[in-house]
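Biologist: I would like to learn how to read the features of a protein model. Could we go through them together, one at a time?

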Amino acid sequence: MPRVSGLSYGGDYNPEQWPEEIWPQDVALMREAGVNLVTVAVFGWAWLEPAPGAYTFDRLDRIMDGLHEGGIRVCLATATASPPPWFSYAHPETLPVDADGRRLTYGSRQAICPSSPTYRRAALDLTEQLARRYADHPALAVWHVHNEYACHNPHCWCDTSAAAFRSWLRARYGDLDGLNAAWGTAFWSQTYTDWAQVQPPRATPTSSNPGQLLDFKRFSSDEHLANFVAERDVLHRLSPGVPVTTNLMTGSCVNLDYWAWGREMTGPDRLLSNDHYLLGEHPLEAPAQIAFAADLSRSLAGGPWLLMEHSTSAVNWQPRNLAKPAGQLVRDALAHVARGSEGALYFQWRASRAGSEKWHSAMLPHAGTDSKIWREVVALGGHLRALARIEGSRTEAEVAVLLDYGSVWAQEAPNQPSVDMVAFDEIRRWHSALWRAGITADLAAPDADLDRYRLVVAPALYAVPDAAVTNLTGYVAGGGTLVVGAYSGLVDEYDRVRPAPLPGAFADLLGIRVEEFFPLPAGTTVRLEAAAGTLRPEVADGTVGPDDGATGAVWTELLAAPDAEVRARYADGPVSGAPAVTRRDTAGGPAWYLGTRPDDPTLGRLLARIAAEAGVRPPVSVPPDVEAVRRRHADGRSYLFLFNHGDRPTEVDAGGVDLLTGLRHAGPTPVGAGGAVVLAEGPA
Ligand code: GAL
């Protein structure tokens, strides 16, 4: 964690956008708000190196010193996310090229080819200069490498990238026979006979080879990661003992294999951090979006992590930028903390006067300190100080939701049976279904150690390597409960269809046979019929009949269940009468299959029921609209976070000292409308 005392609080600080007279005011206001950590120089390259090799650190010295005098620590960026115009102008080959061969230009940010050795060299030079100058500065708390890798430049199709892609493929396959076999190039007469012929998937008359697309995504993730590791290692060498991080975007970014990134961002002197912005107009409600991003960040970190950026209110980059009503600022920040963040930081400290982000909210808004945002910022600072003792405690989860980036990418290839089968959306939908049922879940890779989970769900696991199949089979054999979603287990990690019976990876484990896909027309649904109460317990009346109102959407298939019990069938639609939901009771645990995408309430109730059968218990039983999450120290001390997302006061059957108010509640504990409570549980 950053070298600050207690939880971290602050945001990106861009003093270069302001006259120096403002800087002391900034520090004074930061102190008033309880800020103890700010990220400096994220976009600092142009002022730190205004001409090639002419490093000018005098302003940064004064900024660092001023913050230090004010008792505020610094998350110091390596400033490599946005090369200045002089650099891109002098080195046009470092600019990214799109699939159509169009070279993008500078004038925004991240105009970088991730495989450019020229960029890498310049970035490492700047990193080294910063590390040498500030390694021993007393304000330095953590190093912040680059910014949101791959946010704007996930892939590059230039000649430099093409050469790097070929090297990457040679290392992966050894020879062209291996590559031709993996990509299935016998199809459409695309067999490669010389490495020089192999290209990134540039614009071509129709669909590129899916294996090539998939490997290009893997390669691109690795190229960005190599840039991070190179900067990180300079910092480790020159600034030992200071943690190094970069900010991920776990809630929305599927361009990087974050499991691979997590491995490079954890361990001694490393910190996993994340940025999260709410999508105002999105099928998932705001707290569910936060829960997913935070749960994934925690899972990648394997424990505590840090929220590096979020917004105090509206952002500026959505079609309609919805502001946060009073109270949401505090709830949102604490929701990340509940799920393992050791603090809450924002983009940004002071709202910018110019540039693309001038209408983005900030801790210090254009309206100044006589504002709703500022008052809530000050209140949150107080709350985070009051929560100092939770530092180091861990969020508890008994369920894992499987996420495999390679599988998500494979499913993104064109020419799938249905464009509506989007994997990442479905993974988030299942996670939200669990969230709505009050169940905290981790995310996990399919080859991870899953033994500690009572329940593992695989909402969308289209492409699955053999090792992961063995892992999941072993998990069920050991007594675990597994639920697999439709269109899973069909192809290997090269996107080649597995041999029959389908779904090749899971046919035997689930006791099913998929014969033919029957995707549904857009917007249509099919009815699901089950023993009353199976899918919708609230309609159970002791009789056996249709499970009123349960539907499936997007996907159906002609399914047989030779070795599984049929728990629901299609009551209409193209495969009326075929099994839709199955369960196989193995010698170990039960293995469920959902051959369609059940509507949200049905999915939620089914998962809640399966979780309950698996022995999963929510942290506490809560009334509707209340979210509960528990953090616990290794010595057993625990904290129950309660959020009331509704507009009426309510109470929760739990007791302890509310750390935000200092009040002791013997139980039940009142939670005001839109309020948050953090109970230190147990005796005083
Ligand atoms: C992030 C980025 C910040 C800022 C913010 C606005 O993606 O790291 O620099 O642009 O978005 O929401």
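Modeller: Gladly! Let us begin with aromatic pairs: rings of Phe, Tyr and Trp (its six-membered ring) pair if their centres lie within 6.5 Å, and planes under 30 degrees apart count as stacked, over 60 as edge-to-face and the rest as tilted. This is a predicted model, where local features need pLDDT of at least 70 and side-chain atom pairs count only at pLDDT 80 or more, while totals for chains, interfaces and linings use all residues. Residues are numbered from 1 along each chain as its sequence is written, and side-chain values use heavy atoms, leaving out hydrogens and water.

Biologist: How many aromatic pairs does the structure hold?

Modeller: There are 27 aromatic pairs. Take Trp168 and Phe219: their ring centres are 6.2 Å apart and their planes meet at 75°, so this pair is edge-to-face. It links distant parts of the chain, with Trp168 in helix H6 (residues 159–173) and Phe219 in helix H8 (residues 210–238), 51 residues apart. Helices (H or I, at least four residues) and strands (E, at least two) are DSSP runs, numbered from the N terminus.

Biologist: Which residues surround the ligand?

Modeller: A residue is near a molecule if one of its heavy atoms lies within 4 Å of it. Here the ligand is surrounded by residues including Phe43, Arg109, Trp317 and His360. The shell divides into 4 nonpolar, 2 polar and 5 charged residues. In that count, Ala, Val, Leu, Ile, Met, Phe, Trp, Tyr, Cys and Pro are nonpolar, Asp, Glu, Lys and Arg are charged, and the others, Gly among them, are polar.

Biologist: Which distances separate the ligand from Asn147 and from Glu148?

Modeller: A polar contact with the ligand is a pair of N or O atoms within 3.5 Å. A side-chain N or O atom of Asn147 is 2.9 Å from a ligand oxygen. For Glu148, a polar side-chain atom lies 2.3 Å from an oxygen of the ligand.

Biologist: Where in the chain is there a cis peptide bond?

Modeller: Look at the bond from Phe347 to Gln348, which is cis, with omega near -5°. Gln348 lies in the loop between strand S9 (341–346) and helix H12 (372–386). Another cis peptide bond joins Ala500 and Pro501, with omega about -5°.

How values were computed
Polar contact = N/O pair within 3.5 Å; in protein donor to acceptor, adjacent residues only side chain to side chain.
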